[in-house]
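Trainee: I have a new structure open and would like to learn how to read it. Could you walk me through it, one feature at a time?

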Amino acid sequence: MGEFLSLLPPPAALDLFLDAFSASLETETVATEDSLGRISAADIVAPHALPSFSRSTVDGYAVRAKDTHGASEGLPAFLTVVGEVQMGTQAKTPLGIGECAIIHTGGMLPADADAVVMVEQTQQASGNEIEVFKAAATGQNVLKAGEDVETGALILSAGRKIRPAEIGGLMAMGLTEISVTKPPTVGILSSGDEVIPPAQDIGPGQVRDINSYTLRALVEQHGGIANNYPIIPDNPDDFRN
């Protein structure tokens, strides 16, 4: 039988395929929690900063760093405790000169505070006063607002496969829905007069179909929907149909 296929060099064939493939893609919106393994359909930018407020990374005391300058075990700095930052709330009282506030890991920094002294570097003095044994630098033990992600920053580009990390990052931004591409449907045609189904007893000159099942598994592994069609004989009309 004569040759009836028009063959292209691999790069040209790939370009032709990708052009047709990209044009056929459709999108849909799904819940972010259900998007594992899906492909993002559009760029996503941060609607707000993360964290949205400056917070402590340790348990200790929120301070004005300059009030601790020069502090040491031999010559501690004395600070007055004016309150405690409750978790999940905004500090009610700004810090004045020589004042501090009890703060816990993740707590919001009070106004005018710019550092946190670890509780291990302090000691109760008397009443509402503490001793600080180590000077704090500005920004020490503090995660500043926007330090992880700034407002408007690109957090997920189009064409990215959604992993657990992406789901967590989107949820941190309050993005509970995401636009993704619909799984592409791929038709698989196995051909050859000698090719038979795997369940059939093999005869002289025959081979069992392998490629269509391998290709189906690859398509599904990468998020597509595979449709296997019956084996096609080496006949141009059957191919066209």
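Mentor: Happily! Let us begin with Tyr229, which is partly exposed because its relative accessible area is 47%. Buried means under 20% relative accessible area, exposed over 50%, and partly exposed in between, with a 1.4 Å probe and protein chains only. A word on the source: this is a predicted model, where local features need pLDDT of at least 70 and side-chain atom pairs count only at pLDDT 80 or more, while totals for chains, interfaces and linings use all residues. Residues are numbered from 1 along each chain as its sequence is written, and side-chain values use heavy atoms, with hydrogens and water left out.

Trainee: Where does Tyr229 lie, and which residues does Tyr229 touch?

Mentor: Helices (H or I, at least four residues) and strands (E, at least two) are DSSP runs, numbered from the N terminus. Tyr229 lies in the loop between strand E16 (225-228) and helix H4 (236-240). Contact means heavy atoms within 4.5 Å. Not counting residues up to four places away in sequence, Tyr229 touches Gly187, Ile188 and Leu189. Ile39 makes a useful reference point: its C-alpha atom is separated by 26 Å from that of Tyr229, and the two are 190 residues apart along the chain.

Trainee: What about Ala226: buried or exposed?

Mentor: Ala226, found in strand E16, counts as buried because its relative accessibility is 7%. Leaving aside neighbours within four places in sequence, Ala226 is in contact with Val186, Ile188, Arg216, Val219 and Glu220. Its C-alpha atom and that of Pro183 are separated by 9.8 Å, with their positions 43 residues apart along the chain.

Trainee: And where is His222 found?

Mentor: His222 lies in the loop between helix H3 (211-221) and strand E16. With a relative accessible area of 62%, His222 is exposed. Measuring C-alpha to C-alpha in the model is a simple way to place a residue; His222 and Leu16 are 20 Å apart in space and 206 residues apart in sequence.

Trainee: Which side chain makes a polar contact with the side chain of Ser190?

Mentor: A polar contact is a pair of N or O atoms within 3.5 Å; within protein, one must be able to donate a hydrogen and the other to accept it, and residues adjacent in sequence count only if both atoms are side-chain atoms. For Ser190 the partner is the side chain of Asp209, at 2.9 Å. Ser190 is in the loop between strand E13 (185-188) and strand E14 (195-196), and counts as buried because its relative accessibility is 10%. Beyond neighbours within four places in sequence, the contacts of Ser190 include Val195, Ser212 and Ile231.

Trainee: What can you tell me about Ala31 in strand E1?

Mentor: Strand E1 covers residues 27-31, and Ala31 is part of it. Ala31 is partly exposed, with a relative accessible area of 28%. Residues up to four places away aside, Ala31 touches Thr176 and Glu177.

Trainee: How should I read backbone angles?

Mentor: Most residues other than glycine have a negative phi, and most peptide bonds are trans. Here, phi of Asp112 is near 80°, a positive value, and Asp112 lies in the loop between strand E6 (99-103) and strand E7 (115-118). Asn141 also has a positive phi, near 60°. Asn141 sits in the loop between strand E9 (129-132) and strand E10 (142-143), and counts as buried because its relative accessibility is 19%. As for peptide bonds, the one from Leu50 to Pro51 is cis, with omega near -5°. Pro51 is in the loop between strand E2 (44-45) and strand E3 (55-56).

Trainee: Finally, how many helices and strands does the protein chain have, and what are its spans along the principal axes?

Mentor: The protein chain has four helices and 16 strands, and its C-alpha trace spans about 100 × 35 × 30 Å. Of its 241 residues, 29% count as buried. Among contacts between residues at least 6 apart in sequence, 71% join residues at least 24 apart.
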